[in-house]
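Trainee: Could we go through this model together, one feature at a time, so that I can practise reasoning from the structure to an answer?

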Amino acid sequence: MMNNFAKDVLKGLTSDKKYLSSKYFYDDNGSRIFQEIMKMPEYYLTDAEFEILSLQSKQIFESLKFTTPFNIIELGAGDGFKTFKLLQYLVTNNIEFNYIPIDISEEAITILEQRLKEKLPSIKIEPKVGDYFEILKENKESNVPSLLLFLGGNIGNYTKEKAQELLSLFNTSMKSGDKLLIGFDIKKNPITIHNAYYDKHGITKRFNLNLLLRINRELGADFKIDDYDFYCHYDPISGDVKSYIVSLRKQSVHIKAINKLIEFDYNELIWTELSKKYSLDEISNLAVGTSFKLVSNFLDCKHLFTDSLWKK
């Protein structure tokens, strides 16, 4: 019986226009490569959001208007690097909360928990590995107010329709009065965005090609990595960055687990990722369209990024 990964790979690589879902980037190796991306000087997103959470944690907390202990539920916590500043502010000021980081990478969650227990020994932490919505179901049944975190511009990985669908699901998984702090990469000079995604270090290329290595390893495929390249393109009008793996020659790949031979043509593309950039008006419309009230946009000093606070 095929697992979800195998099913999605089969569906994507047998489509007229081949694609692979970006959610499969983050196996343990992919998560490690993404840490490298976040450390690149061109990758402004990490520093911009880190600045917001470093300098505006007090304002964010005050905007929550929670009067009792609360949960912070982080969806796709990764290494927790950015969130640390918010957590540190709360712990230092003796604000009572329970931190529930959720990630699909067990390795990322283990490292996060170890680091936080070293740096903030008094923190109450309940890490969870798995599906957001299963875990959010439990939370909806409790009477503890919650702040959901969906940081790092992750919402940009979804098409407009899928973003609306996801945020509506978040909304139905929340209690009235709960808050959502969500990261958006803002439309800006196209050159700045281009340099962040089409990096000269080749790290983004490795990140994309790791998807093929994962298919080789987990599904018994025989992708020859040197026969593929990476390309990405930013459209400043729509705000879409699209990333692709490029087949450098006519070739066929056998995927043992699904017993399928996939044919590739010269320069054929596999679409791997969308990373949409938003204007502040688009953010406001998205909040309203998914039954939230926009409380405040917290921006970095260069207005590259915003963590937007919404209320159900």
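Trainee: By class, how many nonpolar, polar and charged residues does the lining of the second largest pocket have?

Mentor: Bear in mind that this is a predicted model. The pocket in question has a volume of about 300 Å³, and 13 residues line it, of which Gln 35, Met 38, Lys 39, Asp 79 and Arg 115 are the closest to its centre. Sorted by class, the lining of this second largest pocket has four nonpolar, four polar and five charged residues.

Trainee: Where does the largest share of the lining of the second largest pocket come from?

Mentor: Two helices, H2 (28–39) and H6 (106–119), each supply at least two residues of that lining. The largest share amounts to five residues, and the element that provides it is H2.

Trainee: Why are the buried residues of H1 on the same side of the helix?

Mentor: Helix H1 spans residues 4–13, and its buried residues, those under 20% relative accessible area, are Phe 5, Ala 6, Val 9, Gly 12 and Leu 13. What covers them includes helix H10 (203–219) together with strands E8 (251–255), E9 (260–264) and E10 (269–276), while Asn 4 and Lys 11 are exposed on the other side of H1. The buried residues lie on the same side because the arc they cover around the axis is only 135 degrees.

Trainee: Which residue caps the N-terminal end of H1?

Mentor: The backbone nitrogen of Phe 5 has a side-chain oxygen of the capping residue 3.2 Å away. Phe 5 is itself one of the buried residues of H1, and the residue that caps this N-terminal end is Asn 3.

Definitions and conventions: Residues numbered from 1 in each chain as written. Predicted model: local features only at pLDDT ≥ 70, side-chain atom pairs only at ≥ 80, totals over all residues. Heavy atoms only, no water. 1 Å grid on protein atoms, 1.4 Å probe; cavity = no way out; pocket = protein on both sides within 12 Å on 5 of 7 lines; lining within 4 Å. Points joined across faces, edges and corners; volume = space filled by probe spheres on them. Helix = DSSP H or I, 4+ residues; strand = E, 2+ residues; numbered from the N terminus. Nonpolar A, V, L, I, M, F, W, Y, C, P; charged D, E, K, R; others polar. Buried < 20%, exposed > 50% of the residue type's maximum accessible area, 1.4 Å probe, protein only. Arc of directions from axis to C-beta. Contact = heavy atoms within 4.5 Å. Polar contact = N/O pair within 3.5 Å; in protein donor to acceptor, adjacent residues only side chain to side chain.
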